[in-house]
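Visitor: Could you take me in for a close look at one part of this protein? I'd like to see how its strands sit side by side, and what is tucked in around them.

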Amino acid sequence: MNFHTQYSRGAAVITVVMIFLALSILITGASSRLVIGEAERARTYTESTQSFATAESAAEDVIYRLKEGFTVASSESVIVGSTTVVIGTSNANGVQSIGATSTLNNAYRGVAVTVQNGIGMGFAFPVHAGTSGLTLSGSARINGTAFSNASIAGSGSTRINGNASAVGTITAPPQLTVTGTKTTGVSPQAITGVDIPYWQGQANRNNDTYVGNMTIGASTVQNLGPRKIQGNLSIGASSRVTITGPLYVTGNFTLDGSSRLYLASSFGSQGTVILVDGTVAIGASADITPTTATPKGYILIQSNSTNANSAITISGSSGPEVILIAPNGGANITGSADAIALSAQRIAISGSATLGYDSIGFPAATFTGGGTGGGFQIQSWNEGQ
């Protein structure tokens, strides 16, 4: 073999080796980039997950603070470890909107949450009688819609300024005048009561049950609530009591003549509940006052008594702006008393008593355990920024 041939073969081997090395470098480089890319994606995914978790935690913290009545700024920024979270809140008609955006390096994630402040109750009828029916006598009046799962009976010069619907019959004029539409033979509608276990818990959330009968003496001025009272609650004549939280009374509740029950202004357009296992009696000239917000915040009193005639009684010239429910018993309104709304299995309205409601605030009233806290219902929880 001559020198030229040996040189050519050597050059070919070197060329092959160089090509192999080049390919190896290219493959190694591509593999390295792939590994680096996968590592980068894994890091980004981890940071994104951490960022999202932090945003959700921030939203949950805001809900907790709102529930407990703590102050929450409309806009704030917090740092959690290496993560920055920007939080914004707003309130429209009792619906809280919460936005939280979290940033960890270049990973941005956020959540958008809306919660209903308080527990809503829909009241289709300001007067709703159950299976024992609705009776009006004297010059009794109902301003608004009346509904009965039995009949509606009137005598004297009674009047319903609105629509009247009954499963059974409705008395014809002149004993009972109905200015709106009169409908019989309708399907029965269940009487809506409050969530009893929930409100029992809200009233006793401080674990400071008052054991025994609580009597607030005449002409006393004080605040009351939240509180469980293991016994009767009696509020004496001419007293001024401001309700600052829900009450649960295991006995009877009596509001004596000329006394006043106020809902604390801190409730705004939210209301609260007085839950009574026994009977409720509101005396002559007694009054129950909602907040002055627009719409108003109301006190709702529910009697769990099965007394067919007097689970709830309102007498004399009392004029409470209160929502009353007796899902298992009867209610009597006598004299020149009035109330804003009443639901009971049996309802008797006599004398010059009047039932009527605030068409703006009452139909979609909501109730909470505290002036700025209480129950929250999550309406939506979505990812967003």
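Guide: Here is a walk through one open sheet, followed by a loop residue beside it and two other spots. Keep in mind that this is a predicted model.

Let's start with the sheet. Four strands make it up, in the order β16-β19-β22-β25, and their pairing is parallel. At the edges you'll find β16 (221-224) and β25 (287-289), each of which pairs on one side only. On average, neighbouring strands in this sheet are turned by 20° against each other, direction ignored. As a bit of background, strands of a sheet pair through backbone hydrogen bonds, either parallel or antiparallel.

Now zoom in on one of those pairings. Strand β19 (residues 240-243) runs parallel to β22, with four bridges between them. If you want a spot to click on, try arginine 240: its bridge partner in β22 is arginine 260.

Next, look at the loop between β21 (253-255) and β22 (260-263), where serine 259 is found. Is this serine buried or exposed? Buried means under 20% relative accessible area, and serine 259 has 0% relative accessibility, so it counts as buried. Leaving aside residues up to four places away in sequence, serine 259 touches Ile235, Gly236, Ser238, Ser239, Arg240, Ser285, Ala286 and Asp287. You've already met Arg240 from that list, as the bridge partner of arginine 260.

Let's move on to a helix. In α2 (residues 196-203), the buried residues are Trp199, Gln202 and Ala203. Looking down the α2 axis, they fall within an arc of 95°, so they line one face of the helix. What do these buried residues pack against? Their partners are four strands: β17 (227-230), β20 (247-249), β23 (272-276) and β32 (366-367).

Last stop: strand β10 (residues 158-161). Thr158 and Ile160 make up its covered face, while Arg159 and Asn161 lie on the uncovered one. β10 pairs with strand β7 (residues 141-143), running parallel to it over three bridges. Here isoleucine 142 stands opposite isoleucine 160 of β10. β10 also pairs with strand β12 (residues 176-178), again in the parallel sense and over three bridges. For that pairing, check threonine 158, whose bridge partner in β12 is leucine 176. Both of the residues on the covered face, Thr158 and Ile160, therefore turn up in these pairings: threonine 158 with leucine 176, and isoleucine 160 with isoleucine 142.

Notes. Residues are numbered from 1 along each chain as its sequence is written. This is a predicted model: local features need pLDDT of at least 70, side-chain atom pairs count only at pLDDT 80 or more; totals for chains, interfaces and linings use all residues. Side-chain values use heavy atoms; hydrogens and water are left out. Buried means under 20% relative accessible area, exposed over 50%, partly exposed in between (1.4 Å probe, protein chains only). Helices (H or I, at least four residues) and strands (E, at least two) are DSSP runs, numbered from the N terminus. Two strands pair if DSSP finds at least two bridges between them. Contact means heavy atoms within 4.5 Å. Axes are lines fitted to C-alpha atoms, for helices over the stretch in contact, and angles run from 0 to 180 degrees between N-to-C directions. The arc is that of the directions from the helix axis to the C-beta atoms.
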